[in-house]
Amino acid sequence: MDHPAPTAAPRRFDLIVFDWDGTLFDSTALIVQCIQAAVRDVGGREPPRERAAWVIGMGLQQALAHAAPDVPPQRHAELVRRYQYHWFARQHEVTLFEGVLPLLHGLRARGHRLGVATGKSRRGLDAALQSVALHGLFDATRTADETASKPHPQMLLELMDELGTPPERTLMIGDTTHDLLLARNAGCAALAVNYGAHAHDELAAHAPLAVVHSVAELQHWLHTHA
């Protein structure tokens with residue numbers, strides 16, 4: 001006797017928005033090193049790894065000011081320039097987490113629209129999109145230098161408006177509490193990954209739908225719940 005094929009679960013989210021660094025790209029360690037080098041360059045006290053990692057996801061100037069509170073505001077522009085110098089000299093070292101490309105292609109095959117909301121600059125994101133041949137996978141993207149830094153909701157509000165998707169049909173995925181607060185402030189659901197900058201307990205305290213521990217687990221969760 002033939003059995004019918006299992007019916008696919010109804011799609012819960014039409015738009016899935018990803019953070020970039022620490023969520024899709026394995027870049028947390030390099031960002032921390034570039035922050036530390038930039039602070040040293042301008043004569044500040046090198047921040048410990050935990051402090052430098054915590055600011056990932058914010059807009060660059062805000063992040064660096066928080067990471068280096070002893071650097072006076074009049075030197076923040078120089079601090080940004082030194083970070084950019086170190087980052088663009090080494091960005092070729094960064095790669096996508098294993099499994100990310102199949103994950104993204106699978107979501108598109110299921111009919112999801114995909115977006116990016118990142119603390120990177122537009123220049124930095126466009127360079128990354130070029131370097132890993134991701135053009136065409138994302139329907140819309142926003143960066144911190146063209147909207148407002150996380151956790152202000154502007155990035156997500158603009159993406160939802162551009163793609164015609166209401167908050168209840170939008171899911172934000174990220175590796176920091178800044179991403180989870182961004183989603184909350186925009187009225188969206190959030191999913192956390194803990195293989196990036198922030199730890200499990202810190203993420204779980206903000207009550208995302210789940211905290212996943214690998215790209216494989218993320219893929220499974222999205223296939224069964226999104």
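Is glutamate 93 buried, partly exposed or exposed, and at what relative accessibility? Select it and look: glutamate 93 counts as partly exposed, at 43% relative accessibility. Keep in mind as you click around that this is a predicted model.

**Stop 1: the Arg90–Glu93 pair**

With glutamate 93 still selected, add arginine 90. The two form a salt bridge, with 2.9 Å between the closest N and O atoms. Arginine 90 also counts as partly exposed, at 28% relative accessibility.

**Stop 2: two domains**

Now zoom out and colour by domain. The domain assignment gives domain 1 as 15–26 plus 95–225, and domain 2 as 28–93. Drop a marker at the C-alpha centre of each: domain 1 and domain 2 are 23 Å apart by that yardstick.

Next, pick out where they touch. On the domain 1 side, 20 residues are in contact with 16 residues of domain 2. About 1300 Å² is buried between the two domains, and carbon and sulfur atoms give 50% of that area. If you go hunting for salt bridges across this interface, the rule finds 0. What you can draw instead are polar contacts: 5 residue pairs between domain 1 and domain 2, both partners at pLDDT 80 or more.

Select helix 6 (122–131) and helix 8 (177–186), since each supplies at least two residues to the side of domain 1 that touches domain 2. Helix 6 gives the largest share of that side, with 3 residues. Colour that side of domain 1 by residue class and you get 3 nonpolar, 10 polar and 7 charged residues.

**Stop 3: arginine 142**

Go to strand 3, residues 140–143, and select arginine 142. Arginine 142 counts as buried because its relative accessibility is 15%, and the cut-off for buried is under 20%. Show its side chain and follow it to two glutamates. One polar contact goes to the side chain of glutamate 158, at 2.7 Å. Another goes to the side chain of glutamate 162, at 2.8 Å.

Then show what else surrounds arginine 142. Beyond its neighbours within four places in sequence, its contacts include Val116, Ala117, Thr118, Arg122, Thr147, Met155 and Leu159.

**Stop 4: a buried salt bridge**

Back to helix 8, this time for aspartate 179. Its salt-bridge partner is lysine 150, with the closest N and O atoms 2.6 Å apart. Aspartate 179 sits in helix 8 and lysine 150 in the loop between strand 3 and helix 7 (154–163), so the pair ties together parts 29 residues apart in sequence. Switch on the surface and look for the two of them: aspartate 179 is buried at 0% relative accessible area, and lysine 150 is buried at 1%.

**Stop 5: a salt bridge between loops**

Jump to arginine 45 and aspartate 70. Their closest N and O atoms are 4.0 Å apart, and the pair forms a salt bridge. Arginine 45 is in the loop between helix 1 (28–41) and helix 2 (49–54), while aspartate 70 is in the loop between helix 3 (60–67) and helix 4 (76–90), 25 residues apart. Arginine 45 is exposed, with a relative accessible area of 60%, whereas aspartate 70 is partly exposed at 29%.

**Last stop: a network**

Finally, select Arg11, Asp14 and Arg169, which are linked in a network of salt bridges. To keep exploring, display every salt bridge in the structure: there are 15.

How values were computed. Residues numbered from 1 in each chain as written. Predicted model: local features only at pLDDT ≥ 70, side-chain atom pairs only at ≥ 80, totals over all residues. Heavy atoms only, no water. Domains from an automatic or database assignment. Contact = heavy atoms within 4.5 Å. Buried area = accessible area lost by both parts, 1.4 Å probe. Salt bridge = Lys/Arg side-chain N within 4 Å of Asp/Glu carboxyl O. Polar contact = N/O pair within 3.5 Å; in protein donor to acceptor, adjacent residues only side chain to side chain. Helix = DSSP H or I, 4+ residues; strand = E, 2+ residues; numbered from the N terminus. Nonpolar A, V, L, I, M, F, W, Y, C, P; charged D, E, K, R; others polar. Buried < 20%, exposed > 50% of the residue type's maximum accessible area, 1.4 Å probe, protein only.
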